[in-house]
Amino acid sequence: MRYLAITFLGVMIFSGCSTRPTRETHQAVLSLPYWQFDQTPAGWRPWADRRDFREAAILIEAYFPRHPELLPNERAMLHFHAAQLFGFDGDSRASLRHLKRAEVPDNSPGFPTRWNDYVAATTAFLKRDHTELLAARERMARGSSTDQDRTYLGTVDLLISRWGDPYGTAYLSQIEKHK
């Protein structure tokens, strides 16, 4: 019970108590180091969890100028997450703008070996380019060598199976299914 109370308190502190985030909350979130901002509930993720995808994406955009120390791979991951969030919100133009900056050099640490093909597949889905989506999927299938690669391949298969749906509907259907 004590652990539950501490966990609840931590969630309240990191996600804020009001339904609309305050300027102070934004400033605190934007001051976090990369890992906390991108990969923990202390960063942009509480907004996404509330389905305030645009606000989460805008937070990511605001993070870039405040953190010139970001490594290229960190920038690429943040751009991909902003692209996803804008895509969930139905803003393909903003999503595509970020996807252009989400590629990484081959064999980048922390990324699946087929990351750039995953970015290409996501781009193709948003552009409604079925031929390129299938081509990116084929490249991923030929080169998938890790569990992470196979997970992303499964996501691309989901996008293919949901062809014609908006990106948010297609991608988020995977998450809804696992709840």
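A residue is taken as buried when its relative accessible area is under 20%. In the predicted model described here, Asn73 is buried because its relative accessible area is 18%, which falls under that limit. Asn73 lies in helix 6, a segment that covers residues 72-88. Leaving aside neighbours within four places in sequence, Asn73 is in contact with Val104, Pro105, Ser108, Pro109 and Phe111.

Helix 6 also holds Gly87. With a relative accessibility of 6%, Gly87 is likewise under the 20% limit and therefore counts as buried. When residues up to four places away in sequence are not counted, Gly87 touches Ser95, Tyr167 and Gly168. Of these partners, Ser95 falls within the range of helix 7 (92-99), whereas Tyr167 and Gly168 fall within that of helix 11 (167-177). A separation of 7.8 Å is found between the C-alpha atoms of Gly87 and Leu126, two residues that stand 39 positions apart along the chain. Leu126 falls within the range of helix 8 (115-127).

The fold as a whole is built from eleven helices, with zero strands. Read from the N terminus, the order of elements is accordingly α-α-α-α-α-α-α-α-α-α-α. The protein chain comprises 179 residues, of which 45% count as buried. Among contacts with a separation of 6 or more, 55% join residues that are 24 or more positions apart. The area exposed by the protein chain is about 10,100 Å², and 57% of this area is supplied by carbon and sulfur atoms.

The largest pocket encloses about 650 Å³ of space. Its lining consists of 31 residues, and those closest to the pocket centre are Trp44, Arg45, His81, Gln84 and Tyr171. Two or more lining residues are given by each of helix 3 (34-39), helix 4 (45-49), helix 6, helix 8, helix 10 (147-161) and helix 11. Helix 6 provides the largest share of the lining, namely eight residues. Sorted by class, the lining contains 19 nonpolar, six polar and six charged residues.

Helix 10, one of the elements that contribute to this lining, was examined further for its length and burial. An expected span of 21 Å follows for its 15 residues at 1.5 Å a residue, because the rise is counted over one less than the number of residues. The C-alpha atoms at the two ends of helix 10 are 21 Å apart, which agrees with the expected span. The buried residues of helix 10 are Asp149, Tyr152, Leu153, Thr155, Val156, Leu158 and Leu159. In an α-helix there are 3.6 residues a turn, so residues three or four places apart point the same way.

Two residues that are not glycine adopt a positive phi, and each is placed in a loop. Arg51 has a phi of about 65° and is located in the loop between helix 4 and helix 5 (53-66). Its relative accessibility is 43%, so Arg51 counts as partly exposed, a class that lies between the limits of 20% and 50%. Asn107 shows a phi of about 60° and is located in the loop between helix 7 and helix 8. With a relative accessible area of 67%, which is over 50%, Asn107 is exposed.

Technical notes. Residues numbered from 1 in each chain as written. Predicted model: local features only at pLDDT ≥ 70, side-chain atom pairs only at ≥ 80, totals over all residues. Heavy atoms only, no water. 1 Å grid on protein atoms, 1.4 Å probe; cavity = no way out; pocket = protein on both sides within 12 Å on 5 of 7 lines; lining within 4 Å. Points joined across faces, edges and corners; volume = space filled by probe spheres on them. Helix = DSSP H or I, 4+ residues; strand = E, 2+ residues; numbered from the N terminus. Nonpolar A, V, L, I, M, F, W, Y, C, P; charged D, E, K, R; others polar. Buried < 20%, exposed > 50% of the residue type's maximum accessible area, 1.4 Å probe, protein only. Contact = heavy atoms within 4.5 Å. Areas by Shrake-Rupley, 256 points an atom, 1.4 Å probe, with all protein chains shown as cover.
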